[in-house]
Amino acid sequence: MEVTGFFTAIIIGLIIGALGRLVVPGKQRIPIWLTLLIGVVAAVLGTLVAGALGVDDTRGIDWIELAIQVAFAAIGVAVVAGAYGRRRY
């Protein structure tokens with residue numbers, strides 16, 4: 001992976017993670033770095049699933065791929081926020 005690809009993955013991960021966080025109702029008490037990590041993982045998984053479904057390369061904006069990525073991010077944020085909220089200090 002090139003340096004530009006790494007920075008692109010971080011930026012896309014932030015956007016996907018933030019969108020996933022917006023979709024989940026309520027307040028999520030997870031740090032921003034965890035949202036970034038969830039967003040990057042969701043973006044990769046969403047791209048893989050979109051590729052398997054054959055909708056990863058369409059003309060124009062890949063709305064279906066984006067929706068899949070945001071869905072993965074929302075699921076990831078909900079799971080991690082639930083697990084993170086149960087932690088005892």
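Helices (H or I, at least four residues) and strands (E, at least two) are taken here as DSSP runs, numbered from the N terminus. This is a predicted model, in which local features need pLDDT of at least 70, side-chain atom pairs count only at pLDDT 80 or more, and totals for chains, interfaces and linings use all residues. Residues are numbered from 1 along each chain as its sequence is written, and side-chain values use heavy atoms, with hydrogens and water left out.

**Figure 1. The whole chain is built from 3 helices and 0 strands.** Following the sequence, you will meet the pattern α-α-α. Of the 89 residues in the chain, 28% are buried; buried means under 20% relative accessible area, exposed means over 50%, and partly exposed lies in between (1.4 Å probe, protein chains only). Among contacts (heavy atoms within 4.5 Å) with a separation of 6 or more, 62% join residues 24 or more positions apart.

**Figure 2. Here are the spans that UniProt lists as "transmembrane region".** The unreviewed entry gives residues 6-24, 31-54 and 66-85. UniProt positions follow the numbering used here, feature names are shortened, and annotations may be inferred rather than shown by experiment. In the model, residues 6-24 are 95% helix and 0% strand, with 27 Å between the end C-alpha atoms. For residues 31-54 the end C-alpha atoms lie 34 Å apart, and the span is 92% helix and 0% strand.

**Figure 3. A close-up of the largest nonpolar core shows 7 residues.** A nonpolar core is a set of buried Ala, Val, Leu, Ile, Met, Phe, Trp, Tyr and Cys residues joined through side-chain atoms within 4.5 Å. Look for Val 24, Ile 30, Leu 34, Ile 38, Ala 74, Val 77 and Ala 81. At least two residues of this core come from each of α2 (32-53) and α3 (63-85), and α3 supplies the largest share, 3 residues. A second, separate core has 5 residues, including Ile 16, Ala 43, Val 70 and Ala 73. Back in the largest core, zoom in on Ala 74: leaving aside neighbours within four places in sequence, Ala 74 is in contact with Gly 20, Val 23 and Val 24.

**Figure 4. Thr 35 sits in helix α2.** Thr 35 counts as buried because its relative accessibility is 3%. Beyond its neighbours within four places in sequence, Thr 35 is in contact with Gly 13, Gly 17, Ala 18, Arg 21 and Ile 30.

**Figure 5. Now for the outside, with a nonpolar surface patch of about 1200 Å².** Patches are made of residues with over 30% relative accessible area and no salt bridge, joining like charges within 9 Å and nonpolar side chains (Val, Leu, Ile, Met, Phe, Trp, Tyr) within 5 Å. A salt bridge is a side-chain nitrogen of Lys or Arg within 4 Å of a carboxyl oxygen of Asp or Glu. Members of this patch include Ile 11, Leu 14, Trp 33 and Val 41. Both α1 (3-23) and α2 give two or more residues to the patch, and α2 gives the most, with 7 residues. The accessible surface of the chain comes to about 6200 Å², 71% of it belonging to carbon and sulfur atoms. Accessible areas come from the Shrake-Rupley method with a 1.4 Å probe; for residues, only the protein chains shown count as cover.

**Figure 6. Two leucines of the nonpolar patch, Leu 22 and Leu 48, are viewed up close.** Leu 22 is in helix α1 and counts as exposed because its relative accessibility is 69%. Leu 48 belongs to helix α2 and, at 57% relative accessibility, is also exposed. From Leu 48 to Ile 68 is 20 residues in sequence and 9.9 Å in space, C-alpha to C-alpha.
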